[in-house]
Amino acid sequence: MTAAPGAPPVGGVGEPPVGGLAGAAGTVVTRLGSGGPWEAVYGYSRVVRAGALAITAGCTSTVDGRVAHVGDAAAQTAQAIRIGLDALAEVGAEPGDVVRTRMYVTDRLYVDEVGRAHNAVFGPVRPVATMVVVAGLVDPEHLVEVELEAYLPAG
């Protein structure tokens, strides 16, 4: 994956993480991309780890540039969570490390499906969670977008 001119390099799937970029407090910040269709255009990473904190960008059910599970909010949620967990795994996090999730849902009708799909993965973990109904997402076929945050204490 190629970074925009003047931007720091961003690792991608199969590429080594970006190391040596220090934050304000001297913490090494690792940024990884997935090669998704919007990352290079909009200038963001799929996952960033800064010290003990690992955070994903919004994850949808986009697979190989196409929306998977069109019309199925539960399946889109499961796919989006899997994409987020895979990204977190790239920086050393496991599902049990997830401490916060956010879910953006395009219709109140999908809230129960999305919540149950979330529970299927995170029920035993019980991270804090927020679910918000929004007017829409970037692709009109997306019914849900999720963000994950994990905490990885040193040790």
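Select Thr-77 in this predicted model and display its surroundings: leaving aside residues up to four places away in sequence, Thr-77 touches Val-114, Ala-117, His-118 and Val-144. With the surface switched on, Thr-77 itself proves to be buried, because its relative accessible area is 0%, which falls under the 20% cut-off.

Next, colour helix α2, which spans residues 73-90 and holds Thr-77. Keep the side chain of Thr-77 in view and add the backbone of Ala-73, whose oxygen is reached by that side chain at 2.8 Å.

From there, stay with α2 and turn to the largest pocket, which holds about 610 Å³ of space. Its lining is made up of 28 residues, and those to select as the closest to the pocket centre are Ser-34, Gly-36, Arg-46, Thr-62 and Ile-83. Two elements, β4 (62-63) and α2, each give two or more residues to this lining, and α2 gives the most, with 5 residues. If you colour the lining of the largest pocket by residue class, you will find 12 nonpolar, 11 polar and 5 charged residues.

Finally, colour the whole protein by pLDDT, for which the mean is 86, with 83% of the residues reaching 70 or more. Then select residues 1-17, where pLDDT stays under 50, although the model has 29 contacts for this stretch beyond four places in sequence. Where pLDDT is low, the predicted coordinates should not be read in detail.

Definitions and conventions. Residues numbered from 1 in each chain as written. Predicted model: local features only at pLDDT ≥ 70, side-chain atom pairs only at ≥ 80, totals over all residues. Heavy atoms only, no water. Helix = DSSP H or I, 4+ residues; strand = E, 2+ residues; numbered from the N terminus. Buried < 20%, exposed > 50% of the residue type's maximum accessible area, 1.4 Å probe, protein only. Polar contact = N/O pair within 3.5 Å; in protein donor to acceptor, adjacent residues only side chain to side chain. Contact = heavy atoms within 4.5 Å. 1 Å grid on protein atoms, 1.4 Å probe; cavity = no way out; pocket = protein on both sides within 12 Å on 5 of 7 lines; lining within 4 Å. Points joined across faces, edges and corners; volume = space filled by probe spheres on them. Nonpolar A, V, L, I, M, F, W, Y, C, P; charged D, E, K, R; others polar. pLDDT = per-residue confidence, 0-100.
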